[in-house]
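Let's walk through this structure together, moving from one residue outward to the parts around it. Please keep the viewer open as you read.

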Amino acid sequence: MSFPSILLPGDTVPNPLQSSNSNPPKLGSNLHILSEATSPKPITSTQTGLLLPDHKRNSLAILPFPHRRYIPQANDLVIAQVQRSSADYFYCTLSPHTPHVSLAQLAFEGATRKTRPQLKNGELVYARVLSVGVGPGAEIELTCVNPATGKAEPGGLGPLTGGMVFDVSVGLTGRLMSSGGSGGVVVLEELGKKLESQGGFEIAVGKNGRVWVDSSAGGAEGIKVVAAVGRCLKEVDERCMEGAEQKKVVSRVLREMGLSILGMPW
């Protein structure tokens, strides 16, 4: 079968990897082994999207179609916005289409009753979906630590201060987070090379269709860097650009915003 393959919920997933029972493929969210009785064990999709095999990492993942709504899944990295708080929890939103989610006030690295973060309404948090529950009305819970280590890993989980957040499609954030470049997105790599002389930028990508960007450059220069990154992401998303087109849009946006490349003026 040629790749990429389009999958529907309930489809049996073709496995192009050289896997065995002793070395089974690593499965992304929405790919599940539903039968333990047969060999080789069939893999089933629970989501519509494109199948992305990664031979180097021996893994399979589904790239969702660009404009679907975000559906929380356990272990997703997300950017949440605080809406209100109680004595023990922050209540946050992930998107306009999902119910409020809870984040324990002690679910931060090193947090105690005295040192827990004091987050205000509207502030942003980079978190991981800890659980989604089962059935209608089930509560979704977030965490900002790895339960196994108690550390804010991977990816620097915790409050996001400064910077700007950009709303894009969940399809683009899925591509940005695909391992080994299998999502076909080169825009961030290209921006990183060309903005190196400005100190680069910091980024956090949430599977819920949010991207947070900050720059170490101060003043107007830092604002232009952040705005340029957001503008490039928006254009790549809206026009579904491939690699060569993404590089062209980076050069054009940086030129239009008056940002130099590697310290050289335009």
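**A walk through the cores**

A good place to begin is Val125, which touches Val78, Ile79, Ala80, Val82, Leu103, Phe108, Leu119, Cys144, Gly158, Pro159 and Leu160, leaving aside residues up to four places away in sequence. Bear in mind that this is a predicted model.

Val125 belongs to a bigger picture. The largest nonpolar core has 30 residues, and Val125 is listed with Leu103, Phe108 and Leu142 as those with the most contacts inside it. Strands S7 (77-85), S8 (89-93), S9 (101-104) and S10 (124-131) are the elements that give two or more residues to this core. Two domains also take part: the core draws at least three residues from each of domain 2 (76-161) and domain 3 (165-257). Apart from this core lies another, of 25 residues, including Val168, Leu195, Val205 and Val236. In soluble globular proteins, nonpolar side chains tend to be buried together.

Let's look next at the aromatic rings. How many aromatic pairs does a search of the whole structure find? There are two. One joins Tyr89 and Tyr91, whose rings are tilted, with 6.2 Å centre to centre and 40° between the planes. Tyr89 is partly exposed, because its relative accessible area is 31%, above the 20% under which a residue counts as buried and not over the 50% needed for exposed. The other pair is formed by Phe90 and Phe108: their ring centres are 6.3 Å apart and their planes lie at 85°, so this pair is edge-to-face. Phe90 sits in strand S8 and Phe108 in the loop between S9 and S10, so the pair ties together parts that are 18 residues apart in sequence. Both of these Phe residues are buried.

Now turn to two loop residues. Gly163 is found in the loop between strand S12 (158-160) and strand S13 (164-167). Gly163 counts as partly exposed, since its relative accessibility is 39%. Where does the chain come back to meet Gly163? Trp212, Val213 and Asp214 touch Gly163, not counting residues up to four places away in sequence. Gly163 and Asp214 are 51 residues apart in sequence, yet their C-alpha atoms are 4.1 Å apart in space.

On the other side of S13, Ser169 has its place in the loop between S13 and H1. Ser169 is buried, with a relative accessible area of 8%. The side chain of Ser169 makes a polar contact with the side chain of Asp237, at 2.7 Å.

Finally, follow the chain to helix H4, which spans residues 243-256. H4 has 14 residues and reaches 20 Å from its first C-alpha to its last, close to the 20 Å expected at 1.5 Å a residue. Which residues of H4 are buried? They are Gln246, Val249, Val250, Ser251, Val253 and Leu254. An α-helix has 3.6 residues a turn, so residues three or four places apart point the same way. Helices H1 (170-176), H2 (187-194) and H3 (219-239) are included in what covers the buried residues of H4. Just after H4, Gly258 takes a positive phi of about 70°.

Stepping back to the whole chain, there are four helices and 15 strands. Of the 266 residues, 42% count as buried. Among contacts with a separation of 6 or more, 60% are accounted for by residues 24 or more positions apart.

How values were computed
Residues are numbered from 1 along each chain as its sequence is written. This is a predicted model: local features need pLDDT of at least 70, side-chain atom pairs count only at pLDDT 80 or more; totals for chains, interfaces and linings use all residues. Side-chain values use heavy atoms; hydrogens and water are left out. The expected span of a helix is 1.5 Å times one less than its number of residues. Buried means under 20% relative accessible area, exposed over 50%, partly exposed in between (1.4 Å probe, protein chains only). Contact means heavy atoms within 4.5 Å. A nonpolar core is a set of buried Ala, Val, Leu, Ile, Met, Phe, Trp, Tyr and Cys residues joined through side-chain atoms within 4.5 Å. Domain bounds come from an automatic or database domain assignment. A polar contact is a pair of N or O atoms within 3.5 Å; within protein, one must be able to donate a hydrogen and the other to accept it, and residues adjacent in sequence count only if both atoms are side-chain atoms. Rings of Phe, Tyr and Trp (its six-membered ring) pair if their centres lie within 6.5 Å; planes under 30 degrees apart count as stacked, over 60 as edge-to-face and the rest as tilted.
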